Amino acid sequence: MATETENGVADAAHGAAEASGAGMPQLEFSTFGNQIFWLVVALVIIFFVLSKIALPRIAGVLAERQGTITNDLAAAEELKQKAVDAEEAYKKALADARTEANKIVADAKAEIQSDLDAAQAKADAEIAAKTAESEKAISEIRAGALESATEVAKDTTKEILAAMGFSADAKTVDAAVSERIKG
């Protein structure tokens, strides 16, 4: 019976606590010591897990990421320098090519001019030779024409005088025609 009485007292106390509205066991002052102990234990475990496992991994990832960024920046700077060097080499090659092209053009112009001068000199010589030849032929034709005209004039004069009934000797006709031709 004593146990029944104790059970009844415990039930009554429990019922009275429920009736008084104590509610959440975490807010009971009698368990604060226990709760604070387990809170500290949980925080210490979380701290050690984070500091020994998670934070080193995060730090490693951050360090790797920083190293990658640094390497990428260094590679980009190196590539930029190579591009600048390549551009300078291109500009130098372009300037050299232009200089060489100008030299080739000048040489070609000089060669063409010398060929032109030689061809012009040759043409001038040929023209001079043909002109001299033509002048010689013209002077021969003039001389021949003058001679022929003189002969024709002498013959015509003799024929005209003979047709008119005059007789003249060849010497007189030659002298008269020569005098008339001279002017």
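Lys-154 lies in helix α2. The model described here is predicted. At 15% relative accessibility, Lys-154 counts as buried, because the cut-off for buried is under 20% relative accessible area. Few positions share this label: of the 183 residues of the protein chain, 2% count as buried. Beyond its neighbours within four places in sequence, Lys-154 is in contact with Val-173, Asp-174 and Val-177.

These three partners belong to helix α3. The protein chain as a whole has three helices and zero strands. Along the sequence, the pattern is α-α-α. Helix α2 covers residues 32-164, and helix α3 covers residues 170-182. Their axes come within 10 Å and cross at roughly 130°. That angle falls outside the ranges for roughly parallel, roughly perpendicular and roughly antiparallel, the last of which begins over 145 degrees. The two helices are therefore oblique to each other. The crossing of α2 past α3 is right-handed.

The contact between the two helices involves several residues on each side. Helix α2 contributes Leu-146, Thr-150, Ala-153, Lys-154, Thr-157, Lys-158 and Leu-161. Helix α3 contributes Ala-170, Val-173, Asp-174, Val-177 and Ile-181. By class, the contact holds seven nonpolar, two polar and three charged residues. Lys-154 is one of the charged residues. Asp-174, one of its partners, also counts as charged.

Aromatic residues were examined next. The structure holds three aromatic pairs. One of them joins Phe-37 and Trp-38, with ring centres 5.1 Å apart and planes at 75°. The pair is edge-to-face, because the angle is over 60 degrees. Phe-37 is partly exposed, at 47% relative accessibility. Trp-38 has a relative accessible area of 55% and is exposed, since the cut-off for exposed is over 50%.

Another pair is formed by Phe-47 and Phe-48. Here the centres lie 5.7 Å apart, and the angle between the planes is 65°. This pair, too, is edge-to-face. Phe-47 counts as exposed, at 53% relative accessibility. Phe-48, with a relative accessible area of 45%, is partly exposed. In both pairs, then, one ring belongs to an exposed residue, namely Trp-38 or Phe-47. The other belongs to a partly exposed residue, Phe-37 or Phe-48.

Methods: Residues numbered from 1 in each chain as written. Predicted model: local features only at pLDDT ≥ 70, side-chain atom pairs only at ≥ 80, totals over all residues. Heavy atoms only, no water. Phe/Tyr/Trp six-rings, centres within 6.5 Å; stacked < 30°, edge-to-face > 60°. Buried < 20%, exposed > 50% of the residue type's maximum accessible area, 1.4 Å probe, protein only. Axes fitted to C-alpha atoms, helices over the stretch in contact; angles between N-to-C directions. Helix = DSSP H or I, 4+ residues; strand = E, 2+ residues; numbered from the N terminus. Parallel < 35°, antiparallel > 145°, perpendicular 65-115°, else oblique. Left-handed = near helix turned anticlockwise from the far one by under 90°. Contact = heavy atoms within 4.5 Å.
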